[in-house]
Amino acid sequence: MTDLKILPAQAAPTPRSLWIELTSKCALDCVFCSRKLRRGAGQHLPFPVFERLLRSLVDPRRLMLNYSGESTHYPDLIPAIQLARSTGAYVELVSVLTPLSEEMLPRLAASGLNRLTVSVHATDPALYFGIYRYGSFAALRSRLERFLAICSGLPNPPIVDLAFVAMDRNLAELTAVAELAHDLGLRDVMVFPIQRRDPIPETFTVELDPSGIAKPGFRARLDQQLAATQRARPEISLTLCNPLPGGDPPRLGQVPISYPWPLPAGGAIHSCEQNPWDTAHVLANGDVVACEVLDRKSLGNLLTQDIAEIWNGPLYREFRARYLRAEGAECRNCAWKTAYRPSEWHSAIHAERGGSAQLVHGWHDPEGQEHIWSTQRASAVLAPLRSSQSFHVSGLLPPGRDGQPNELAIQCNGRPVGVVSNPYDEIMPFGLDFSPVQPGLGPWVLDFRTTQIYRPSEHAAGSDQRDLGFAMVLLASKPHLDPDLYRRSRQFLAPVEEWIHRVDRFAQLAARALPARRTSARLEAQPGLTVVIPERGNPAGLAECLRSVGIAASLLSEPVQAVVVVNGTPPEAYAQLRSQAPEAQWLFHRRPLGFSRAVFAGLRAARHAWVYLLNSDAILEPEALAAAAAHRDANTFAIASQIILGDATRFREETNWCDISDDNGLVALADRIPHSAATVEGFYAGGGASLFQRRVLLDLLDFESYPDFYWEDVEWGWRARKLGYRILFSPDSIVHHEQGVTVKRYFTRDQIEAMWLRNQALFQLRNWVTAGTLEGVLDLLARAPEDVARSFTSPRMKWRIARGRWWSHRTALSDEEVLGSWRRYISTC
């Protein structure tokens with residue numbers, strides 16, 4: 001397992017997003033502002049310093065021309081905006097407007113400014129003056145109306161929106177501010193809950209606790225006011241801009257999430273709004289600081305240094321290293337960070353599954369679509385498959401402009417590997433393979449950069465103002481195909497193919513003479529069920545599992561037997577747990593049994609007609625057994641519980657609503673995500689959280705064929721359906737699963753992948769006698785690691801295949817009938 005939190009992201013050559021404090025002077029004295037305390041009378045940033053800074057920036061994308069001062073006091077404001085726009089960056093300004101003279105309004109409107117955010121914290125005259133301690137709301141409204149009127153006559157005026165700092169005293173004013181936005185034809189109001197970092201006179205004891213965290217009562221009142229304002233003005237977009245930590249923090253998982261709480265042990269910072277790879281702040285005295293939280297720690301000064309020297313210098317490099325290690329208390333406690341719990345790297349990133357810690361830097365938040373947009377420059381990391389020598393990139397590349405193609409340059413571990421070019425006038429889909437200059441075990445750090453940025457708002461594609469690079473659909477390491485090995489594998493697999501043909505000929509003849517296998521639907525009347533828990537080396541997880549079984553059993557008005565099948569772990573490791581769960585029946589096997597044999601041992605010990613198979617790293621919700629048990633009947637083979645992953649940040653790749661399909665001749669599995677509580681059919685029931693008819697399962701179980709794990713439960717479901725049984729999925733029977741606790745403890749990633757591939761091929765060769773294609777399976781094996789392919793040439797494996805195909809040929813329903821019936825059913829769900 002490799003720790004993602006030590007993965008370095010590559011910083012841009014110079015900052016691409018800059019907050020530049022043109023001045024720290026301000027005529028206002030807002031109650032929440034620390035400017036007077038920190039800056040005193042304030043000062044202007046020398047314009048030559050500003051000019052030199054902008055001319056030194058490499059490809060800036062966003063310039064915010066304000067910080068603690070009121071930028072309209074800056075004597076060179078208009079030239080500063082024009083110079084900023086000449087860099088090609090998106091230029092923004094925040095102002096209260098009241099200090100700006102009437103004569104300056106037309107110049108500001110025509111300056112090239114892209115966005116103006118006007119601070120409006122109250123419309124009530126007395127409350128307005130009490131907060132700002134300068135000017136009046138009437139003056140602000142007059143300036144704003146005049147400015148918008150001027151903008152209405154310009155071809156490319158700035159976007160205008162409002163900002164509201166939420167305090168207890170002005171919460172009720174939020175609706176009035178939204179009314180103001182409506183009256184002025186604006187649509188966006190950003191809401192910033194009050195923060196206090198410096199010892200200003202106002203303490204905000206109603207809103208904040210002594211540590212500066214918002215009090216629950218204030219959070220609740222703010223939420224209520226936001227909801228009331230949204231109901232009153234649904235056409236106005238209200239955005240809560242800084243998160244308020246409250247309640248118990250969520251459990252960190254593999255996928256980065258917004259985490260305003262202090263970083264827990266074992267957690268890692270993934271990024272933040274003002275990350276050290278793209279963003280920086282420049283203060284009016286020339287200091288360059290990492291962010292607003294760390295604005296007392298100068299990393300250099302523009303009065304004596306160039307921005308590139310500071311940005312790439314030792315102080316910034318040391319800060320980035322500390323940031324990655326989450327060493328600074330300011331970063332660990334920052335409300336703006338995203339955090340995750342490091343895990344092993346994966347060989348593929350699927351955009352449709354949402355965020356990933358392997359999308360290291362430069363990616364916009366997922367939006368529930370099949371792609372994730374990058375910025376103009378982005379990085380990702382892949383763990384290459386064994387012997388992989390190439391990776392696949394598929395996505396969407398926006399068009400260029402002014403007759404120039406847009407190109408996506410791709411690097412791997414710092415070396416160019418290829419370019420994707422879009423010469424067309426519309427977004428172009430692509431899917432291409434690239435080879436690293438030095439293939440190896442990795443990791444592969446992939447860098448992406450487009451020659452042009454794409455803003456949908458500038459292409460009549462909505463109001464989206466983001467800087468977009470390309471839309472990533474899939475990044476994946478590709479299995480390496482050695483042509484010589486492939487040919488050798490096909491040669492030594494040829495006898496397997498002939499063996500299968502001989503088995504089929506004999507089985508088809510025998511099937512004509514023997515009666516077809518059919519369901520023998522009968523249900524034992526005795527109440528009760530048995531919970532069988534295969535277990536290896538996870539006593540801590542098993543303890544939680546058994547506790548949940550006890551609670552769930554207490555809510556079922558039938559006898560419940562618990563059988564724990566410990567294998568591959570000495571009994572002594574469970575001595576304390578056995579004393580805590582004496583009602584359970586414990587079976588011990590010193591050697592690892594594999595999943596199927598462990599299940600078989602549990603089935604033999606079961607006293608009841610229905611058996612619930614439960615992984616030892618799974619937790620039943622209290623109603624899980626009762627909800628599943630309610631659907632038992634003679635024609636039902638199994639009832640699958642809904643699985644909720646223990647890591648709630650991850651894509652729900654395992655739900656236990658199981659689907660099967662023929663994918664170009666190969667069997668393919670997928671778990672569907674339920675969107676209702678209705679009980680529906682599933683194709684098969686996963687062996688780690690499902691209720692089975694014991695008698696039928698014993699008849700279907702061939703524990704010698706799948707010695708390890710994976711795909712055996714697919715075979716149970718396939719065989720049951722071939723016999724005419726149905727399988728249900730019960731969403732209200734819920735199980736929480738940690739996933740892979742035992743497997744990853746005893747097997748490497750390569751071993752797990754090899755087992756999956758081997759058992760996929762074995763399932764198809766045993767069960768699909770007319771579905772799929774034999775050629776497809778042999779091709780899959782020939783592309784597999786040689787030890788996997790050669791395992792199919794052994795007499796034992798040939799016998800396993802023959803036994804399975806003999807069984808399948810003797811059923812009344814054909815493969816096509818089973819698959820066709822399922823596809824018709826699932827298409828209606």
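What percentage of the contacts in the chain with a separation of 6 or more is accounted for by residues 24 or more positions apart? The share is 76%. The model is predicted, and the legends below go from the whole chain to single residues.

**Figure 1. The whole chain and its domains.** The C-alpha trace spans about 100 × 60 × 50 Å along its principal axes. The secondary structure comes to 24 helices and 32 strands. The domain assignment gives domain 1 (17–245 + 277–328), domain 2 (344–479), domain 3 (481–508 + 747–828) and domain 4 (526–739). Between the C-alpha centres of domain 1 and domain 3 the distance is 63 Å. Of the 829 residues in the chain, 54% are buried.

**Figure 2. Surface and charge of the chain.** About 35,000 Å² of the chain is exposed, and 53% of this area is supplied by carbon and sulfur atoms. There are 88 positive and 90 negative side chains. The centres of these two sets lie 5 Å apart.

**Figure 3. The span of residues 12–233.** An unreviewed UniProt entry places the feature "domain: Radical SAM core" at these residues. Helix makes up 37% of the span and strand 14%. The C-alpha atoms at the two ends of the span lie 41 Å apart.

**Figure 4. Helix α3 and its cover.** Helix α3 takes in residues 77–86. Its buried residues are Leu77, Ile78, Ala80, Ile81, Leu83 and Ala84. An α-helix has 3.6 residues a turn, so residues three or four places apart point the same way. The elements that cover the buried residues of α3 include helices α2 (47–56) and α4 (104–109), together with strands β2 (62–64) and β3 (90–95).

**Figure 5. Glycine 88, after helix α3.** Glycine 88 follows α3 and has a positive phi, near 90°. The loop that holds glycine 88 runs between α3 and β3. Is this glycine buried or partly exposed? Glycine 88 counts as partly exposed because its relative accessibility is 32%, and the class lies between under 20% for buried and over 50% for exposed. Not counting residues up to four places away in sequence, glycine 88 touches Pro60, Arg61 and Arg455. Proline 60 is 28 residues from glycine 88 along the chain, and their C-alpha atoms are separated by 7.2 Å.

**Figure 6. Valine 549 in helix α13.** Helix α13 (residues 539–554) contains valine 549. With a relative accessible area of 5%, valine 549 is buried. Leaving aside neighbours within four places in sequence, valine 549 is in contact with Val531, Ile533, Leu614 and Leu620. Valine 549 and proline 622 are 73 residues apart in sequence, while their C-alpha atoms are 8.1 Å apart in space.

**Figure 7. Alanine 618 in strand β26.** Strand β26 covers residues 618–620 and includes alanine 618. This alanine counts as buried because its relative accessibility is 1%. Which residues does alanine 618 touch, not counting those up to four places away in sequence? They are Cys545, Ser548, Val735, His736 and His737. Glutamate 738 is 120 residues from alanine 618 in sequence, and the C-alpha to C-alpha distance between the two is 6.3 Å.

**Figure 8. Two loop residues with positive phi.** Most residues other than glycine have a negative phi. Asparagine 656 has a positive phi, near 80°, and is found in the loop between β27 (636–645) and β28 (658–663). At 3% relative accessibility, this asparagine counts as buried. Tryptophan 711 also has a positive phi, near 80°. The loop holding tryptophan 711 lies between α17 (694–700) and α18 (712–722). Tryptophan 711 is buried, and its relative accessible area is 2%.

**Figure 9. Alanine 789 in helix α22.** Helix α22 (residues 786–791) is the place of alanine 789. Alanine 789 has a relative accessible area of 0%, so the residue is buried. Apart from neighbours within four places in sequence, alanine 789 is in contact with Ser489, Phe492, Leu493 and Leu781. Aspartate 484 is 305 residues from alanine 789 in sequence and 14 Å from it in space, C-alpha to C-alpha.

How values were computed:
Residues numbered from 1 in each chain as written. Predicted model: local features only at pLDDT ≥ 70, side-chain atom pairs only at ≥ 80, totals over all residues. Heavy atoms only, no water. Domains from an automatic or database assignment. Helix = DSSP H or I, 4+ residues; strand = E, 2+ residues; numbered from the N terminus. Buried < 20%, exposed > 50% of the residue type's maximum accessible area, 1.4 Å probe, protein only. Contact = heavy atoms within 4.5 Å. Areas by Shrake-Rupley, 256 points an atom, 1.4 Å probe, with all protein chains shown as cover. Lys, Arg positive; Asp, Glu negative; His and termini not counted. Charge placed at Lys NZ, Arg CZ, Asp CG, Glu CD. UniProt positions renumbered as here; feature names shortened; annotations may be inferred.
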